[in-house]
Every structure is written in structure tokens, then in C-alpha cells.
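Q: Please take a close look at a single part of this structure and describe its surroundings. A connected account in formal terms would be appreciated.

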Amino acid sequence: MSLERDLFKRANSSCELCSAGENLNVYSVPDSPKDGIDASILICSICKAQIEDETKRDPNHWRCLNDSMWSTTPAVQVMAWRMLQRLKHEGWPQDLLDMMYMEDDTREWAKASGDGVDRSNAIIHRDSNGNVLEAGDSVVLIKDLKVKGSSMVAKQGTAVRRISLDHENEKYIEGKVDGQQIVIITDFVKKM
């Protein structure tokens with residue numbers, strides 16, 4: 001049997017999130033540790049558009065999650081949890097989240113997308129031009145820098161690839177210069 005046919009059978013030919021019966025599509029749930037039918041849900045075009053584009057999101061459409069969050073299908077639970085997290089600022093989704101039950105492995109899968117992570121106190125690293133730096137980015141030194149504890153001078157224009165971020169100080173990043181791991185202040189780099 002095909003994946004689509006299996007999903008239509010499991011979902012009773014309706015959207016597994018809002019129960020609509022038209023314009024149904026197979027949706028692969030991101031960050032799934034599983035394959036095939038266990039990593040997919042059947043959703044309508046309205047749900048799909050609102051999942052993928054937050055500018056099209058209508059909070060009232062998602063009141064349907066009051067029912068679908070109780071699905072026994074882990075992939076449906078994951079998407080219900082993620083959408084409730086994305087709408088948490090509306091107030092009512094928090095009540096549903098408080099009632100929702102998921103197995104630990106399903107909850108880990110749901111959290112893998114980053115939904116539900118409080119970013120209000122997150123440390124953001126920025127280069128000298130104000131660009132956000134992420135772990136793994138490459139930067140260029142904009143000034144000669146003396147390396148503390150050695151006689152080495154990291155020259156202006158030196159590329160530092162695959163940086164790592166200091167999780168306690170937004171001004172510090174780490175990277176290798178001439179084979180030596182050093183701490184660099186973000187004010188002296190620009191993102192490549």
C-alpha cells in the first residue's frame with residue numbers, strides 16, 4: 001500500500017488536525033525520528049498554509065486542536081503541540097498545553113523544532129555590523145588582535161571558520177586561528 005492510501009485510511013479521509021475533508025495532502029512532520037506513515041500526517045491545504053507561513057495564521061482556525069491533541073497518533077500529537085506553542089501568546093492554547101499528555105519520546109520529537117523554547121532571555125551574538133552570529137558561521141577579523149597568553153598576533157583579514165559561541169557572554173566567540181583555538185570578541189569580527 002502507498003503512504004498516501006495508508007494515511008487516508010488512518011485519518012478516515014479527513015484532516016488529522018482540523019477534520020476538514022477537502023484538499024488533503026501528506027505532510028511530513030519535521031525532525032521526525034521515524035519514517036513513513038509514523039512520520040507523516042494528512043492535513044488540509046488551510047492547515048498546511050498556516051503551519052508553513054505565520055502571516056497566514058488564524059488563531060481561531062486552530063481551536064480544532066482541542067480535539068486533535070487527544071489523537072493516539074504521535075505525529076498528530078507533535079503537530080498539535082507545536083501549533084499550540086506557536087499560538088501560546090493568544091492565552092487559550094496554554095490551557096490546552098497544560099492538559100496535553102504525550103509520551104517522553106514524543107515530547108522530545110515535538111521540542112526538536114525549537115517551538116516552546118523561551119528565547120526572551122537568550123544570548124544573541126552579533127558581529128561588528130550587527131549581524132547575528134550562529135555556531136558554525138565563518139567570520140573575518142577586522143583588526144589585528146594580540147592573543148593573550150602567547151606572542152601570536154591574529155592579523156586583520158584572517159578568516160575564522162566554524163566558530164562556536166560562548167553561552168554565557170554575548171561578546172565572546174571561539175575559533176581556530178593558525179591552528180590555535182582562541183577566544184575572540186565579537187566587536188572585532190564581521191560575518192562572511
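**The surroundings of Q50**

A: The side chains of Q50 and W62 are joined by a polar contact of 2.9 Å. The model examined here is a predicted one. Within it, Q50 belongs to helix α2, which covers residues 45-52. The relative accessible area of Q50 is 6%, and the residue therefore counts as buried, the cut-off being under 20%. W62 also appears among the contacts of Q50 when neighbours within four places in sequence are left aside; the others in that list are K56, R57, D58, H61 and M83. Q50 thus combines a buried position with a side-chain polar contact to W62.

Two other parts of the model may be set beside this one. At the surface, Y172, V183 and I185 make a nonpolar patch of about 240 Å². Of these residues, Y172 lies in strand β10, residues 172-177. Its relative accessibility is 33%, so Y172 is classed as partly exposed, whereas Q50 is buried.

The remaining part is an open sheet of three strands in the order β8-β5-β12, paired in the antiparallel sense. Its edge strands, each pairing on one side only, are β8 (159-160) and β12 (189-191). Strands of a sheet pair through backbone hydrogen bonds, in either a parallel or an antiparallel arrangement. Between β5, residues 139-141, and β8, the antiparallel pairing extends over two bridges. In this pairing V140 is placed opposite A159 of β8.

Terms used:
Residues numbered from 1 in each chain as written. Predicted model: local features only at pLDDT ≥ 70, side-chain atom pairs only at ≥ 80, totals over all residues. Heavy atoms only, no water. Pairing = 2+ DSSP bridges. Helix = DSSP H or I, 4+ residues; strand = E, 2+ residues; numbered from the N terminus. Patch = residues over 30% accessible without salt bridge, like charges linked within 9 Å, V, L, I, M, F, W, Y side chains within 5 Å. Areas by Shrake-Rupley, 256 points an atom, 1.4 Å probe, with all protein chains shown as cover. Salt bridge = Lys/Arg side-chain N within 4 Å of Asp/Glu carboxyl O. Buried < 20%, exposed > 50% of the residue type's maximum accessible area, 1.4 Å probe, protein only. Polar contact = N/O pair within 3.5 Å; in protein donor to acceptor, adjacent residues only side chain to side chain. Contact = heavy atoms within 4.5 Å.
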